[in-house]
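Me: Please take a close look at the largest cavity in this predicted model. Then set it in the context of the rest of the chain.

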Amino acid sequence: MKLKTLIRVGKFVGIALTGLVVVACKKDNPKPEPELEPVVTERTEAQLIKDDIYKYYKLYSLWETSIPDYKADPSKFTDQYSSADAVLAALKRLTPARAAYSGGVFDRFSYIVGLDGYNTATTATGRLKMDTNDGYGIYTSFGTEDGITAYPIIYFVEGGSPAQRAGLKRSDYITAVGDDTDYSFAVTCEGQNCSFNESDRDKIRNKLNAALDAGTLKLKVKHQDGTTTTKDLTYANGYTINPIYKDTIYESTGNNVGYLALSSFEQIEDPAASGSSSEGIANKSAIDAVFTKFQDKQIKSLIVDLRYNGGGYVDASAYIADKIGGATTKGKLMLTYEVNNYIKSTPSINNMFQDTKFEGKSNLSLNKVYFLVSESTASAAEMLINVLKPYMQVQIIASGTRTYGKPVGFFEQVVQNKVSFWPVSFLLKNSAGFSDYWDGLVPDKRNIEDYVFADVGNKKETMLATALNDAAPGITTKASINAVSRKGYRTLKGGEVNIRPDRGMIKKR
């Protein structure tokens, strides 16, 4: 954006005109007053950032018709607000009403993040980076195995993270951090419900969150077989995410079932394409390898675990949808986009939003696809389910009552080299024109326990077992699930220590 200036001349023009009137009364041919030089006031960096936030939102927002047009002088809007974050919050409040959403409007999704430590006054922290993440890659809640004592328990370990490389896994209890063994508190359980002192829980939660922000981390964990391990970890700045955190095949006579657990949709790139990143090439190769195994074993059903998947790249989600659809969907319409008039009239941007068709990227011909979801399943993960539903038999198995609800996405706009801005810019629809899952996709089976006491891929894990029992009943039995549940294992409601944030539905320019 070009630097904008405001010319303050009104006061001086008024004085000059008054002087001319007085002189004109005394002489027939007065000497003209010298022309005053305008006083130029430059916009500060913070003001320019606020101005650009307004301009890009007006240009790119899916709801731009709701935004007043101050592009010629954005300061008329932005100078009302003290920060870039406050400007964006005000713009989002102008979008159409949606009573069920925070703030009562549709746009609960657009956000900004300062680059290289720049302070926008926003509280948006903990956002996953594109293709990489920071930290240890551990996500925990609280659980008890005896109905008497609760500990932090790992429910997800991100692929590529220090925790994953150290061998930590879902279902491990954290019993100590460093020399501090005070990481448990008392609970009283009746049936599936447990009561506890919230201040005791909060003390442990706060200590553990502080530990997860430290530069080094020494964890003592107890595995489900009763053995213990101590791991020394180092905080990673920008580890490369491996989005496939589990894949396997459950063999059953004439009805093999594939399982694929995806934490996110990272960039997928063809090695032959110019400018391809090593991470994008590796992600594509890993997806190709998994589906080659599925084809070789001639799986008839596929279980896709998206319960911790907050989204990612649209192109990656579309690539995996094409792999799943295989021969069934080849040549058919996959998705379409809705964008505003400015984007439609700007070829350099609009070319990102052309209709997408299935190409038949695998030879699979599946009878049924199962999706394991939670209320954290969002954006590109919901898109994957939505684009397959018109063509395939799909069953959604949820730990709650719905998915997150985000049929819209965005692309990044860097502002003044200080702010990463992500205004919602497109609505994505499947071949039937359906995109109305603002309140989440409706599951076929709901309130199925996310049984964190079994490692990912374990056939006794309740959500996985629910899908397996439908796909190939001989592989596992409901009795085995019930036997585990009777031991007294419980997760605590409201017990999450840290939660994976929504990544969004990302288009790369």
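Reply: The largest cavity holds about 50 Å³ of space. The model is predicted, and the structure has three cavities of 30 Å³ or more. The walls of the largest one come from P243, L262, S264, F265, E266, I268, N283, I287 and I320. By character, that lining divides into six nonpolar residues, two polar and one charged.

Now the open space. The second largest pocket has a volume of about 790 Å³. Its lining counts 26 residues. Nearest its centre lie S399, D450, T491, L492 and E496. The lining of this pocket splits into eight nonpolar, 10 polar and eight charged residues.

Next, the chain around these spaces. It has 509 residues, and 51% of them count as buried. Its secondary structure comes to 13 helices and 26 strands. Take the contacts with a separation of 6 or more: residues 24 or more positions apart account for 73% of them.

How far can the model be trusted? The mean pLDDT of the chain is 89, and 88% of the residues reach 70 or more. Residues 1-34 have pLDDT below 50. In the model, that stretch still has 28 contacts beyond near neighbours in sequence.

Two helices are worth a look. Start with α2, residues 45-60. At 1.5 Å a residue, its 16 residues should span 22 Å. The end C-alpha atoms are 22 Å apart, so the expected and modelled spans agree. Of those 16 residues, 13 are buried, so α2 is largely enclosed by the rest of the structure.

Helix α11 covers residues 380-388 and is mostly covered, with nine of its nine residues buried. The buried set is A380, A381, E382, M383, L384, I385, N386, V387 and L388. One of these, E382, is touched by K406.

K406 itself is found in the loop between β20 (394-398) and β21 (408-410). Its relative accessible area is 1%; that is under the 20% cut-off, so K406 is buried. Setting aside residues up to four places away in sequence, K406 also touches F109, S379, Y437, D502, G504 and M505.

V387 of α11 leads on to S435. The two are 48 residues apart along the chain, and their C-alpha atoms are separated by 9.8 Å. S435 sits in the loop between β24 (424-430) and α12 (462-471). With 9% relative accessibility, against a cut-off of 20%, S435 counts as buried. Beyond its neighbours within four places in sequence, S435 is in contact with P407, L427, L428 and K429.

Finally, backbone angles. Most residues other than glycine have a negative phi. D116 has a positive value, near 55°. It belongs to the loop between β3 (111-114) and β4 (132-135). The relative accessibility of D116 is 82%, over the 50% cut-off, so D116 counts as exposed.

Q298 also has a positive phi, near 50°. Its place is the loop between α7 (278-296) and β15 (301-305). Q298 has a relative accessible area of 58%, again over 50%, so Q298 is exposed.

Definitions and conventions: Residues are numbered from 1 along each chain as its sequence is written. This is a predicted model: local features need pLDDT of at least 70, side-chain atom pairs count only at pLDDT 80 or more; totals for chains, interfaces and linings use all residues. Side-chain values use heavy atoms; hydrogens and water are left out. On a 1 Å grid over the protein atoms alone, a cavity is a set of points where a 1.4 Å probe fits but cannot get out, and a pocket is an open set with protein on both sides within 12 Å along at least five of seven lines; lining residues have an atom within 4 Å of a point. Grid points are joined across faces, edges and corners, and a volume is the space filled by probe spheres set on the points. Ala, Val, Leu, Ile, Met, Phe, Trp, Tyr, Cys and Pro count as nonpolar, Asp, Glu, Lys and Arg as charged, and the others, Gly among them, as polar. Helices (H or I, at least four residues) and strands (E, at least two) are DSSP runs, numbered from the N terminus. Buried means under 20% relative accessible area, exposed over 50%, partly exposed in between (1.4 Å probe, protein chains only). Contact means heavy atoms within 4.5 Å. The expected span of a helix is 1.5 Å times one less than its number of residues. pLDDT is the predictor's confidence in each residue, from 0 to 100.
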